[in-house]
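Reader: I have a structure open and would like to learn how to read it feature by feature. Could you walk me through it?

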Amino acid sequence: MKIWICAKVLSKCELLFLVCEAQTCPLSSRWEEDKYEDGIKWKFLEHKGPYFPPKYQPLPHDVKLYYDGKPVKLGLAAEEVALFFAQMLDHEYTTKEVFRNNFFRDWRKEMTEEERVLITDLNKCDFGEIHAMHRERVETRKNMSKDEKQVNTEANQKIMDEYGYCLLDHHRERVGNFKIEPPGLFRGRGEHPKQGMLKRRIQPEDVVINCSWDSRFPEPPAGHRWKEVRHDNTVTWLASWTENVQGSFKYVMLSAISKLKGEKDWEKYELARRLKSRVDDIRLQYQNDLKSKQMVTRQRAVALYFIDKLALRAGNEKEEGETADTVGCCSLRVEHITLHDVLDGEKCVVEFDFLGKDSIRYYNKVPVSKRVFKNLKLFKESKQEGDDLFDRLNTAMLNKHLSSLMPGLTAKVFRTYNASITLQEQLRELTSDNMAEKLLSYNRANRAVAVLCNHQRAPPKTFEKSMANLQTKIESCKEKLALAKRELKQTKEEAKGSSDSNTVEKKKKAVQRSAEQLLRMEVQATDREENKQIALSTSKLNYLDPRITVAWCKNMEVPLDKVYNKSLRAKFAWAVEMTELDFEF
DNA sequence: AGCGCCACTTAGTACCATCGTA
DNA sequence: TACGATGGTACTAAGTGGCGCT
């Protein structure tokens, strides 16, 4: 167990104290149990360990690789890796030079001496037969009967029952990712230099187990041992291993609906709310710092301005050649921004164009203050492509400065703060009375946040088609409405003088119904069009204080399940329970 | 200050179950 | 009943940031 030095204890306690102080609503029941002393995450932890993927099933004897036109029956190890490649043949990945080279290098490592001598050129390998077999298997699986699918579902349920839960401080909690990642070919995002490399099969001997010393330890699979069983209650993971492609750690952790994760999430939003009360001062300060004599301070001020105004990520340094070339704020290079004295009638425009996390492109044209603009010119001066824009700054320095302004403050808190405050403000502006329109308002507010945070998605493959479908429906609904209106008019005339108001009422209702239906569909069409390339889920899940949404739903009389699905409601159970009507972020 | 290690959050996509519709 | 669209979930990569060491 670690020994905690005083300075750290103080800062953490201070933060916790401030967080509790800032909290406006009382915590109820499950969320109310006392906190452990600093750094301790649990007192008791018991679980079944991770679930290992099934071992490799050899190919049927008649399915072979062909090399240079001749059939080759590979040994088990090489065959498994060949199957990984064959399975991906429909994917663009397998045509990429880097992917192919990495794959081939790693594949050859799995070959026997004999195979390695024979197979020296990937282009001479014909995976056709293996690929066809794979396609067939996929097809068979797709065509399984209901009963067969049911058998699968039940088997999965059994695995879930056994491995999907743990005992943490007397509570039964769901485990998030209890399955060990199966072997395969590494699929990085963007132009990843390691794409195609073999991701090794994880053995129990690679896995470290973390649990209570006085719990029933998980059993390793028969004939195996764990790498280690430790009892570290300053961390939350149940099992961990090192992944071979990047050498990074992988963890089995609790699910997002667990108490532990929920509390952490709540603390995150409380921290962001604390920023709300300090942000004016902080902005004033970095505006001032733009004039500093110190270059570092000015760079820090401009970076902070970007992080605050544009919700850029911090931008840690990355090891060159190990990952795709992506950047965040502090790692921006001179080629990522273009300065326009005037652009489209606006002065001092900064044009951003770079790849961010997951190699998602960030493109934006932003008018900035003269002072920021002048500084940027200065930072770019006498530098060339490839040079850091903020050459005197890194995320550690930035965060150190931020934490001196407010305990616990780091760059990412600005994203949480700006996302949540944007949602709250947008909801105030956009709200209307009809249910469909209310939901559109909510989605628009959500969308404003997603745009701010640059949360993108690939347009759904069926987008154009389903849009067209919706349009035809709208057209036919329009006709229906017109017809209903005509009928109403006619009925009205016929009913003149007579006392048949009943039929008129009926027709009126029909018109109203059609009109509502049409509106609903038109709203839906708008919503979907605006959403084409924007992912709402990421901000909903990670950036928007759920209490804003819960309070809005209560105030607007919108059922919560219209905006939060079951898992979101579970994840944000704390907010559902504690949020009052007058909650303000 | 800089680095490596570690733990944890944030991210997009592939896949799957379910639903409404032809 | 078969089908495609849709929403939800599983998966795992890719970030952030703290900490201890040199």
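Author: Gladly, and let us begin at the nucleic acid. Of the atoms of DNA strand B within 4 Å of the protein, 85% belong to sugar or phosphate, and the rest belong to bases. Please keep in mind that this is a predicted model.

Reader: Which residues are the closest to DNA strand B?

Author: Phe249, Lys261, Lys357, Arg415 and Tyr543 are the closest, out of 27 residues that surround DNA strand B. For individual contacts, look at the phosphate oxygens. Arg141 places a polar side-chain atom 2.9 Å from one of the phosphate oxygens of DNA strand B. Tyr251 also has a polar side-chain atom 2.9 Å from a phosphate oxygen of this strand, and for Trp237 the distance is 3.4 Å. Two or more residues of the surface near DNA strand B come from each of these elements: strand 12, helix 7 (259-289), helix 11 (411-430) and helix 15 (537-542).

Reader: Which element gives the largest share of that surface?

Author: Helix 7 does, with three residues.

Reader: Let me step back for a moment. How many helices and strands are there in chain A?

Author: Chain A has 18 helices and 15 strands. Its C-alpha atoms fill a box of roughly 100 × 70 × 60 Å along the principal axes. Of the 585 residues in chain A, 44% are buried.

Reader: Now the sheets, please. How should I read one?

Author: The general idea is that strands of a sheet pair through backbone hydrogen bonds, either parallel or antiparallel. Take the open sheet of four strands with the order 10-9-11-12, where the pairing is mixed. Strand 10 (228-230) and strand 12 (249-252) are at the edges with a single partner strand each, so one side of each has no neighbour in the sheet. On average, neighbouring strands of this sheet are turned by 20 degrees against each other, direction ignored.

Reader: In what sense do strand 9 and strand 10 pair?

Author: Strand 9 (residues 208-210) pairs with strand 10 in the parallel sense, over three bridges. To find the register, look at Ile209, which stands opposite Val229 in strand 10.

Reader: And what is the order of the strands in the open sheet of three?

Author: The order there is 13-14-15, with antiparallel pairing. Strand 13 (337-343) and strand 15 (361-367) are the edge strands, each pairing on one side only. Neighbouring strands of this sheet are turned by 15 degrees against each other on average, direction ignored. Strand 14 (residues 346-355) and strand 15 run antiparallel and are joined by seven bridges. Here Asp353 stands opposite Tyr363 in strand 15.

Reader: Let us turn to a helix. How does the span of helix 12 agree with 1.5 Å a residue?

Author: Helix 12 (residues 435-452) has 18 residues, which should span 26 Å at 1.5 Å a residue; the end C-alpha atoms are 26 Å apart, so the two agree. Many side chains can then be sorted by burial: the buried residues of helix 12 include Leu439, Leu440, Tyr442 and Val449, and also Lys438 and Arg447.

Reader: What caps the N-terminal end of helix 12?

Author: Asn434 does, through a side-chain oxygen 2.7 Å from the backbone nitrogen of Ala436. After helix 12 comes Asn454, with a positive phi near 60 degrees. Asn454 is in the loop between helix 12 and helix 13 (463-495).

Reader: Is Asn454 buried or exposed?

Author: Asn454 counts as buried, because its relative accessibility is 19% and the cut-off for buried is under 20%. The side chain of Asn454 reaches the backbone oxygen of Arg361 at 3.1 Å.

Reader: One last feature: how many disulfides are there?

Author: In general, a disulfide is a covalent bond between the sulfur atoms of two cysteines. With a cut-off of 2.5 Å between the sulfur atoms, the count here is zero.

Reader: Why is there no bond between Cys211 and Cys166?

Author: Because the sulfur of Cys211 is 11 Å from that of Cys166, its closest cysteine sulfur, which is too far for a bond. Cys330 is in no disulfide either, with the nearest cysteine sulfur, that of Cys329, 5.1 Å away. As for burial, Cys211 is buried at a relative accessible area of 0%, and Cys330 counts as buried at 4% relative accessibility.

Technical notes. Residues numbered from 1 in each chain as written. Chains lettered and ligands numbered in written order. Predicted model: local features only at pLDDT ≥ 70, side-chain atom pairs only at ≥ 80, totals over all residues. Heavy atoms only, no water. Buried < 20%, exposed > 50% of the residue type's maximum accessible area, 1.4 Å probe, protein only. Expected span 1.5 Å × (residues − 1). Polar contact = N/O pair within 3.5 Å; in protein donor to acceptor, adjacent residues only side chain to side chain. Pairing = 2+ DSSP bridges. Axes fitted to C-alpha atoms, helices over the stretch in contact; angles between N-to-C directions. Near = heavy atom within 4 Å.
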